[in-house]
There are 2 protein chains.
Amino acid sequence: MALTVVGSIAFDSVRTPFGERERMLGGSAVHFALAASFFTDVCVVGPVGDDFGEEHLAVLSERGIATDDIEHVAGGKTFFWRGHYDHDMNVAHTDDTQLNVFADFQPKLSPESCGSQMLFLGNIQPELQRDVRRQSAASFAALDSMNLWIDTARDSLVAAIGEVECVLLNDAELRMLTEQPNLVHAARATMELGPEVIVAKRGEYGAALFTGEGMFAIPGLLIEDVRDPTGAGDSFAGGFLGYLDAVRIAGEHGERALRQAMAYGSVMASFNVEDFGTERVASLTEGEIAERLSEFKRLTHFEEAPIVR
Amino acid sequence: MALTVVGSIAFDSVRTPFGERERMLGGSAVHFALAASFFTDVCVVGPVGDDFGEEHLAVLSERGIATDDIEHVAGGKTFFWRGHYDHDMNVAHTDDTQLNVFADFQPKLSPESCGSQMLFLGNIQPELQRDVRRQSAASFAALDSMNLWIDTARDSLVAAIGEVECVLLNDAELRMLTEQPNLVHAARATMELGPEVIVAKRGEYGAALFTGEGMFAIPGLLIEDVRDPTGAGDSFAGGFLGYLDAVRIAGEHGERALRQAMAYGSVMASFNVEDFGTERVASLTEGEIAERLSEFKRLTHFEEAPIVR
């Protein structure tokens, strides 16, 4: 039981209507790993520079996350992102991106990372995702991507999608990838590229799941204090795959587990947005997660009643 | 047990990526009444012109809807709307609006309409909504509105909201009305204006319910063939209030019934979008509605499972 994640390790400077923070620990691999660490053993693969200190590593290792595959590039600087959100917190505005050590990143998985049964390919260049997939013996691999790669590296992305078991994308990205305006058709068209599990992330509105067996839709939790949505999608993926790895059930024959995993993904994303960067998730307890799952179940519960006229 | 609706009776010309239709029967009162007619007795109040024929009236009366309060304005023309949808079918583009007989509409409720226990004020000028509310003895009144009235008649709209028990608005409209970017805060601020039940409609993403007792969120059904979304919000309202009227339970002490009503609202909206105008809903059967409710329950069902690490 182990889950390896490859993706960005970053410093994020973020401004929202509720405040701003400079150079917080962030990146897809970090948000994913922290969320997944409540469910299973996690190894992080990714590059950092000289500006990445022991205190940043400690945020991961204190959650029991294996950091041996975090590659320190001497003389380099860690990936940096600056962005802001206006009143519509569903839309991130990028003000600056500095790839830094990420520009020449050539992932090398250690034997431990190679042997994980599950693999998450965070949003990086699709050829890098393919390279990592070839190195890994995982029986279940999932990938995330973004509109940039759909625009600039479509063939590579389509090939990468053909080599994984699961795709997690925003609903708009699924539509863009497949040129299908209807989400159900877009998910089916993505499935035809190879994966057996498609997750459509829908921001504050929740997520939808498509498998060979059927469909599942879940709203987002209704959160009163959304302070910083950065990393919510990766926290969702971390809760989703972390739970699946823990129960060792995924793919077509695990519809029940996949639905439970969608609920845990939603719960982890809901914590992520309540504070800046990793602050909320890094300091969570299992009890808080269980309590919010119950709250989520109550939030979404309705009974099937007959027409009574 | 009876439900009166006041709103537009219209001819709609609509173009979507899936086809186009000229001068279909439409309008908020029509879509609402057809959806509600599967649950309870409905009376429609609204004006039509000389171009409104027996065949249009028959669409309503064949569903058992009382049409005595449909006012025929001699020499007038029926309200007309022309619009189109591009690939993002969540956004309606208006190409033409002709108020016609609606410009001088002064609603007059017959004794039968006045005596309904429930009242729906479709999206019309807020002072007209207030006028109707004053004429009605309904113990539970709900209203819909739109960005136009928030912009141009805010004070009237706020007064109208203070005189009803329930508000149904799009989530963006609730945020705009209250100037609260967070939906939970926006719903609470709307509740402070008077109503005890707030429904946030979220297009294809479903809907959320806010009462003094708590919150409820439901995704939209995942519909493969969305041909024309016009009237989906009114069909939702019709299913929602129609079911509530049938079970005679609404307001703060009916949380369970309100949730069931949200599910029926979603089901009726899902049928509405499957074909142009009123075509799908007008020809529905109770069996189809029950079947889709079961499908919706399966679509959204998940079990609460513990963390197993």
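In this predicted model, B:Asp275 counts as buried, with a relative accessibility of 16%. Its side chain meets that of B:Arg227 in a salt bridge, at 3.0 Å from N to O. The two residues sit in distant parts of the chain, 48 residues apart: B:Arg227 belongs to the loop between strand S13 (215-218) and helix H9 (232-247) of chain B, and B:Asp275 to the loop between helix H10 (255-272) and helix H11 (279-282) of chain B. While B:Asp275 is buried, B:Arg227 is partly exposed, having a relative accessible area of 28%.

A second pair in chain B brings together B:Asp171 and B:Arg202, whose side chains form a salt bridge of 3.8 Å, N to O. Helix H7 (residues 171-178) of chain B holds B:Asp171, and the loop between strand S11 (197-201) and strand S12 (207-211) of chain B holds B:Arg202, so this contact ties together parts that lie 31 residues apart in sequence. Here B:Asp171 is buried, at a relative accessible area of 7%, and B:Arg202 is also buried, at 4% relative accessibility.

A further salt bridge joins B:Arg280 to B:Glu288, with 3.3 Å between the closest N and O atoms. In this pair B:Glu288 is partly exposed, its relative accessible area being 27%. Salt bridges also connect into a network through shared partners, uniting A:Asp171, A:Arg175, A:Arg202 and B:Glu204; this network therefore has members from both chain A and chain B. Side chains of opposite charge can pair when their charged atoms come close, and a search of the whole structure, over all chains, returns 36 salt bridges.

Attention now turns from charged pairs to empty space. The second largest pocket contains about 180 Å³ of space. From chain A, its lining takes A:Glu213, A:Gly214, A:Met215, A:Glu255 and A:Arg259; from chain B come B:Leu221, B:Leu222, B:Glu295, B:Arg298 and B:Leu299. Two helices, H10 (255-272) of chain A and H12 (286-300) of chain B, each supply at least two residues of this lining. The largest share, three residues, is provided by H12(B).

What classes of residue make up the lining of the second largest pocket? Five residues are charged, four are nonpolar and one is polar. The charged residues include A:Glu255 and B:Arg298, and the leucines of chain B, B:Leu221 among them, are part of the same lining.

Technical notes: Residues are numbered from 1 along each chain as its sequence is written. Chains are lettered from A and ligands numbered from 1 in the order in which they are written. This is a predicted model: local features need pLDDT of at least 70, side-chain atom pairs count only at pLDDT 80 or more; totals for chains, interfaces and linings use all residues. Side-chain values use heavy atoms; hydrogens and water are left out. On a 1 Å grid over the protein atoms alone, a cavity is a set of points where a 1.4 Å probe fits but cannot get out, and a pocket is an open set with protein on both sides within 12 Å along at least five of seven lines; lining residues have an atom within 4 Å of a point. Grid points are joined across faces, edges and corners, and a volume is the space filled by probe spheres set on the points. Helices (H or I, at least four residues) and strands (E, at least two) are DSSP runs, numbered from the N terminus. Ala, Val, Leu, Ile, Met, Phe, Trp, Tyr, Cys and Pro count as nonpolar, Asp, Glu, Lys and Arg as charged, and the others, Gly among them, as polar. A salt bridge is a side-chain nitrogen of Lys or Arg within 4 Å of a carboxyl oxygen of Asp or Glu. Buried means under 20% relative accessible area, exposed over 50%, partly exposed in between (1.4 Å probe, protein chains only).
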